[in-house]
Amino acid sequence: MKFGVLACSKVKAPRPCPAVELYQGRTFRAALGVLRARGCARVVVLSALYGAVDGDHVIAPYEQTLMRAPMRERRAWAATARAQLGELVGDGPLVAILPADYARALEGLPQVERLYAGLSQGRLYAALAAELRSGRAVA
């Protein structure tokens, strides 16, 4: 089974719901579409507050980001999220669409394919949208 991994978004639904429904940002929605089109049977969301969360797990909205957190806190978050991710997916192959701060959680995990690494948020969205429009996504 192939697992998709993506980062949370700032825009969220106003009520608790499954993680894949909570995050409403356009890049999140596009990344989720690409991961599903590429055959990811399950999705894990890397949340700034909750760490690694199964996409079907119900969580409450929150306001937190890694972007302005001190490096020490980002490293601690990554270590916790990495452990949680390992518990959720084991050694399963991962396909990840993540910004650099969130990608730290993947360090040392086997079988990781990181898509669109290094793109800015705007370019990432454009690349994801283009992939969805073209139907290029392959399982």
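Two strands count as paired here if DSSP finds at least two bridges between them. Keep that in mind as you click around this predicted model.

**Stop 1: strand S6.** Select residues 94-97, which make up strand S6. Now add residues 112-114, strand S7: S6 and S7 pair in the parallel sense over 3 bridges. For a landmark, pick Val95, which stands opposite Glu113 in S7.

Next, bring in strand S1, residues 3-7. S1 also runs parallel to S6, joined by 4 bridges. Val95 turns up here too, with Gly4 of S1 opposite it.

While S6 is on screen, look at its two faces. Leu94 and Ala96 sit on one side, Val95 and Ile97 on the other, and all of them are buried, so both faces are covered.

**Stop 2: the cavity.** Stay with Leu94 and add Val89, Gly90, Asp91, Gly92, Leu109 and Pro110; together these residues line the largest cavity. How many cavities of 30 Å³ or more does a search of the whole structure find? Just 1, and its volume is about 30 Å³. By class, the lining has 4 nonpolar, 2 polar and 1 charged residues.

**Stop 3: Asp54.** Jump to residues 51-54, strand S4, and select Asp54. Is Asp54 buried or exposed? Its relative accessibility is 17%, and because the cut-off for buried is under 20%, Asp54 counts as buried. Show its side chain along with that of Arg42: a polar contact of 2.7 Å joins the two. Leaving aside neighbours within four places in sequence, Asp54 is also in contact with Ala19, Val43 and Leu88.

Conventions. Residues are numbered from 1 along each chain as its sequence is written. This is a predicted model: local features need pLDDT of at least 70, side-chain atom pairs count only at pLDDT 80 or more; totals for chains, interfaces and linings use all residues. Side-chain values use heavy atoms; hydrogens and water are left out. On a 1 Å grid over the protein atoms alone, a cavity is a set of points where a 1.4 Å probe fits but cannot get out, and a pocket is an open set with protein on both sides within 12 Å along at least five of seven lines; lining residues have an atom within 4 Å of a point. Grid points are joined across faces, edges and corners, and a volume is the space filled by probe spheres set on the points. Ala, Val, Leu, Ile, Met, Phe, Trp, Tyr, Cys and Pro count as nonpolar, Asp, Glu, Lys and Arg as charged, and the others, Gly among them, as polar. Buried means under 20% relative accessible area, exposed over 50%, partly exposed in between (1.4 Å probe, protein chains only). A polar contact is a pair of N or O atoms within 3.5 Å; within protein, one must be able to donate a hydrogen and the other to accept it, and residues adjacent in sequence count only if both atoms are side-chain atoms. Contact means heavy atoms within 4.5 Å.
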